[in-house]
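Biologist: I should like to learn how to read the features of a structural model. May we take them one by one?

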Amino acid sequence: MSLVRVHNFSVSLDGFGTGAGQTFEAPFGHADQRLMEWAFKTRTFRKMGLPGKTTGSRGVDEAFASRWSAGIGAEIMGRNKFGPQRGPWADTEWEGWWGAEPPFHTPVLVLTHHPRPMLEMAGGTTFHFLDADPVSALSRARELAGNRDVRIGGGVTTLREFLAADLIDLMHLVLVPILLGRGERLWDGLEGLEERFDIEATPSPSGVVHLIFVRRPD
């Protein structure tokens, strides 16, 4: 069976995966870009269109960042990752943060209590808006992915729900040396999670620590 993977998901020292107060102008809320600065400097993220004066780093951070797409056939994300709107869709013209050609190039399931028609984008990305629990969403994602893996793209609530349902096989978290104090915490309600995984840590010269969680055999 295909794997369920998480890549490049950043958390602060106090466990927050995003800041408070998300808006169109501030996708990560009051955290601004601090959680993702390590990634924005890599070659992989520069290829996605992130601005910078160079083509991007090729060191430790790039080695981890570059693994995000290999073997992936579909992504599942929460509605807040797709955009900052809440409740019924007031603006169905909103097509995500990523422009006309998003970097996914696969089907993407957006979990929402307010489904809307499928959205086809340039480059092979199709957004499917689905009201479903983690198990049902994963079943649909596997149908769309064929025999390839499924990536859980976030945000925090979505990842926490998939971890609580014990559906994650491989998870790459990035511990960023900042304190946010508020926002959405990843670890709430997940006591004892470490017992399910073998965990390896790799420090980077950029100051972050890459944590790899691999599910232990049943």
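The dialogue below takes up a pocket, a strand, some backbone features and several single residues.

Modeller: Please note that this is a predicted model, in which local features need pLDDT of at least 70, side-chain atom pairs count only at pLDDT 80 or more, and totals for chains, interfaces and linings use all residues. Residues are numbered from 1 along each chain as its sequence is written, and side-chain values use heavy atoms, with hydrogens and water left out.

Biologist: Let us begin with pockets. What volume does the second largest pocket have?

Modeller: Rolling a probe the size of a water molecule over the atoms shows where empty space is left. On a 1 Å grid over the protein atoms alone, a pocket is an open set of points where a 1.4 Å probe fits, with protein on both sides within 12 Å along at least five of seven lines. Grid points are joined across faces, edges and corners, and the volume is the space filled by probe spheres set on the points. Here the second largest pocket has a volume of about 180 Å³. Its lining comprises 14 residues, of which Glu-37, Trp-38, Lys-41, Ser-206 and Val-208 are the closest to the centre; a lining residue has an atom within 4 Å of a point.

Biologist: Which element gives the most to the lining of the second largest pocket?

Modeller: Helices (H or I, at least four residues) and strands (E, at least two) are DSSP runs, numbered from the N terminus. The helix α3 gives the most to this lining, with three residues. Both α1 (37–40) and α3 (60–65) supply at least two residues each. By class, the lining has six nonpolar, three polar and five charged residues. In this scheme Ala, Val, Leu, Ile, Met, Phe, Trp, Tyr, Cys and Pro count as nonpolar, Asp, Glu, Lys and Arg as charged, and the others, Gly among them, as polar.

Biologist: How should a strand be read, and which residues of β4 point one way and which the other?

Modeller: In a regular strand the side chains alternate between the two faces of the sheet. In β4, Pro-107, Leu-109 and Leu-111 point one way, whereas Val-108 and Val-110 point the other way. Strand β4 (residues 107–111) is mostly covered, with five of its five residues buried. Buried means under 20% relative accessible area, exposed over 50%, and partly exposed in between (1.4 Å probe, protein chains only).

Biologist: In which sense do β3 and β4 pair, parallel or antiparallel?

Modeller: Two strands pair if DSSP finds at least two bridges between them. Strand β3 (residues 72–78) pairs with β4 in the parallel sense over four bridges, and Glu-75 has Val-108 of β4 as its bridge partner. Strand β6 (residues 126–130) also runs parallel to β4, joined to it by five bridges. There, Leu-111 stands opposite Leu-130 of β6.

Biologist: Let us turn to the backbone. Where is a cis peptide bond found?

Modeller: A cis peptide bond, with omega about 0°, joins Gly-154 and Gly-155. Gly-155 belongs to the loop between β7 (149–154) and α6 (156–164).

Biologist: What phi does Asp-32 have, and what is the phi of His-105?

Modeller: Asp-32 is not a glycine, yet its phi is positive, about 55°; Asp-32 is placed in the loop between β2 (16–18) and α1. His-105 likewise has a positive phi, near 60°, and lies in the loop between α4 (79–82) and β4. His-105 counts as partly exposed because its relative accessibility is 42%.

Biologist: Is His-172 buried or exposed?

Modeller: His-172, in strand β8 (residues 170–176), is buried because its relative accessible area is 2%. Contact means heavy atoms within 4.5 Å. Not counting residues up to four places away in sequence, His-172 touches several residues, including Trp-38, Phe-64 and His-210. A polar atom of the His-172 side chain also lies 3.0 Å from the backbone nitrogen of Asn-8.

Biologist: Why does Ser-66 count as partly exposed?

Modeller: Ser-66 counts as partly exposed because its relative accessibility is 34%. Ser-66 lies in the loop between α3 and β3, and a polar atom of its side chain is 3.2 Å from the backbone oxygen of Ala-63. From C-alpha to C-alpha, Ser-66 and Arg-43 are 8.1 Å apart in space and 23 residues apart in sequence.

Technical notes:
Polar contact = N/O pair within 3.5 Å; in protein donor to acceptor, adjacent residues only side chain to side chain.
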